[in-house]
Each structure stands twice: as structure tokens, then as C-alpha cells.
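Please examine the structure below together with its sequence. A short report on its overall dimensions and one of its sheets accompanies it.

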Amino acid sequence: MNAFTYRNGTMHAENVSLQTIAQQVSTPCYVYSKHSILDCFNDYHSALGDYPGLICYAVKANSNLAVLNLLAKAGAGFDIVSGGELERVLAAGGQADRIIFSGVGKTRSEMQRALEVGIACFNIESIAEIDRLAEVAAEMGVVAPISLRVNPDVDAKTHPYISTGLKENKFGIDITQAEDAYRKAQRLDSLAIKGIDCHIGSQLTDVTPLLAACDRLIALYDQLRDIGISIEHLDLGGGIGIIYNDESLPSIADYLAEVKKRIGDRPLSLMLEPGRSIVGNAGVLVTQVEYLKQTPNKNFAVIDAAMNDYIRPALYSAWQHIKPVSQQSSAKALHWDFVGPICESGDFIGRDRDIAIQEGDLIAVMSTGAYGFTMSSNYNTRPRAAEVMVDGDQYYIVRQRESFADLIKGEALLP
Ligand code: LLP
């Protein structure tokens, strides 16, 4: 579903005008569509169908409590990477036994808390982590459910910063060391082997590398079965990419059908950890044009959102559509660079866009529901944006804009 459409020349989120939201909540603000999030989740949920398994939403993509609560109620599990994300999921009503814990640097206290609440699985990323988790679980007198994240050495063909399945990346256990690692884990009484997982990268628009990784994991499953180590689930990591511009995407149903075919009659359940594809196209960043600045070389539109609000263009040269909230501008279209107020030349949201705007106009930065707010910061002492969720004709502020008091909370002067 495309939740963001023009009605009488004004962009709406579901049935609510973005103009109305901006007037009430001010800008910059992130606006999410509840139904779009649910539709995207259901694409995975229904593609899995009756097959045993769980869709574990990757919390890092958008960790707003309202988003997590919505997905928990829809039957999602959660993929977390920190103690903070664990507490968020619990605070949002997520079930501990549907949580899997990924990440290369889990601390002892994060492990303790996850064991205390009884999460479904730890996705272990190194031999050293096997030892540490075994120790922590033994101290607590419990058994930790584990999966080993293997690095299948597959080129995901995505941006190098978000490619994670090559042997030079920091993630996972090299597939050539995996058998030894499983043997080691099996000898430790405080660990229970449950699965094999991998995650080769994000914003993948072709399933070929995902299926290549799947093949390698299945080959490892067979290898382990032959030495008496049984595995219950296969976890293929993050989801497929989204349309930012003109990407063509594989269907989730076809992808999962291929995976199920490859699993065949092996008694394996299936987990996935999609993030971006559930929330990415379900959110926009609404911002206002503060100044228009024309120079002999460039036309700059200085907007009130900056790289602290949305860092993907600065960090990955990411591109997404920038659209006027109202199509009725009397200005004529010019070539604009959309830049923020931060003191860095890398502070841009989009460059070289032909769009009719004037001072005071609202614009919508599309496809910013994933890795948008969650990657925002307070750089230049800027409060983080408000977040709004639209549900049909209603909208709700699901995170207040930060105040100055929030910004200096915990700071102290010298005595
Ligand atoms: N599972 C693991 C272990 C991950 O590391 C990630 C993403 C996911 C699942 C979710 O992947 P997705 O379905 O969203 O592709 N900040 C970057 C993306 C970083 C992704 C990191 N890991 C961006 O804005 O493009």
C-alpha cells in the first residue's frame, strides 16, 4: 500500500493531511502510517504461511514504542542488538520468548538481563562470545539457547557500509570455522544449540546472494547433522530492500518459496529479521523550507531538518524522493540542493532536485521510516524530531519533540 498520496494537491498520510500534522506538531517530524507498517509485516507473515517459524522485526530500523507495540500485536518476534532494544521491546509489550539477540559486542550485563527474561535465542558472533555466554549462563544456573551467526562469504552487492557477509567483515564466525565452533558449543552444558544464522547485508534488491547464503547454511546444517549436532532453525537475517527511487524488487513470497524449496524435508523452522522493508516506505520526514539561497553556482534550499535528523545521505550518499507537501506552489521549478542548518558541507538531504518551492513551504522526504529517527542525534544541540503515527483519520504523537531540558539532562557543572 502507498500510504502517502496527494489529495486535492496536498500530501496525506492515510487520510490525514501532512499540512495539518505540521501545523499541530511543527517540523521537522517523522510521520508513519500504521496500515503501511502492518501491510509490510503481513507480506512476510503470509509468505511464511503455515511453515513453522517467526518473523523477527529488526528493532534497529525503527524502535519507537508504538511501532514495536503494533508489530507485537500483529504477531512479530524481534531481533535486537542491545540491552536498550531489549527493554524497548518489553516496554512495548513484546514477548521475551520471541526475541533473538544479535550483535558482535554483547556485554555480560546484557547477557544476564536477556537470560533473566528468557529470550528465544542468542545469535553468537564469535568463539569468544561462546565462552562468555556459557560462563554467564552457568553462573546463573540456566541454559542459554544459541544460534551461531556464520559468515558465509557471499557478496551482497550493496553499499560497502551495509554489506556484512564477506570474510573481511567483522560479523559472524567464518564458515570454515563453524563446525569447530559448534563442536565447542556442544561440549558446554550451559548452552543449548538451536539454530544457524547469517545476515549478509541490507538493502538487497536481488535474492541471488541471499539464496547463495541459504545454500551454504543448509550445507552446514547437513554437515552438522552428520556429526550428530542437530539444528532446529535456520535464520536468514534481514529482509529485502525497498524502493527509494526506481529499484525493482523481488517478491517476498517468491523468495521464501525458494528458501522452503531448498530446505526440502529437513525438519527446520525458519526465521527472518527484516527491518527496512517493514518500516522504510511507511515513513516520511516532514520539514519546512527556512531560506532560499541562490548563488552563482548553486541554489540552496535551507530546510529545518538536518543530518542529525536523517543521516543516510551524508553517511551512505543515500538518495530518496523529496516532494512538496502542497503541489500548489506559485513558484517555478528550479534546481535545488536541500541542505540543513548544521555546520558541515555534508549536511544535505538531497541534491540537484527540480522542484517548485518557496520559503515556508513544507516538503516530505520520502522512504525515511527505517534508519531515520533511530540514527538521529543531537549534533549542534538540536532536539530530536517528533514522531507521529497515522491510523486512518486519526494521528497520534508517539514521541514528543525533545526540549532543551531533555538535551542537557544528566549534564553537570564543575563544583
Ligand atoms: N539482522 C541483522 C543482524 C542486522 O544487522 C540487520 C541490519 C538486520 C537484521 C535488518 O536488516 P534490514 O532488513 O533492515 O535490511 N543504517 C543502514 C542499515 C544498517 C543495517 C544494519 N543491520 C542504512 O540506513 O542503510
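The following paragraphs treat the whole chain and then a single sheet.

This is a predicted model, in which local features need pLDDT of at least 70 and side-chain atom pairs count only at pLDDT 80 or more, while totals for chains, interfaces and linings use all residues. Residues are numbered from 1 along each chain as its sequence is written, and side-chain values use heavy atoms, with hydrogens and water left out.

The protein chain holds 12 helices and 21 strands; these are DSSP runs numbered from the N terminus, helices (H or I) having at least four residues and strands (E) at least two. For 415 residues a compact globule would have a radius of gyration near 22 Å, and the 23 Å of the protein chain agrees with this. That radius is taken over C-alpha atoms, and the globule rule is 2.2 Å times the number of residues to the power 0.38.

| Property of the protein chain | Value |
|---|---|
| Span of the C-alpha trace along its principal axes | about 70 × 60 × 40 Å |
| Buried residues (under 20% relative accessible area, 1.4 Å probe, protein chains only) | 53% of the 415 residues |
| Exposed area (Shrake-Rupley method, 1.4 Å probe) | about 17700 Å² |

Carbon and sulfur atoms supply 48% of the exposed area.

One open sheet has 3 strands in the order E1-E2-E3, with antiparallel pairing. Its edge strands, E1 (4-7) and E3 (16-17), each pair on one side only. Strand E2 (residues 10-13) is joined to E3 by 2 bridges; pairing requires that DSSP finds at least two bridges between strands. His12 stands opposite Ser17 in E3.

How values were computed:
Buried means under 20% relative accessible area, exposed over 50%, partly exposed in between (1.4 Å probe, protein chains only).
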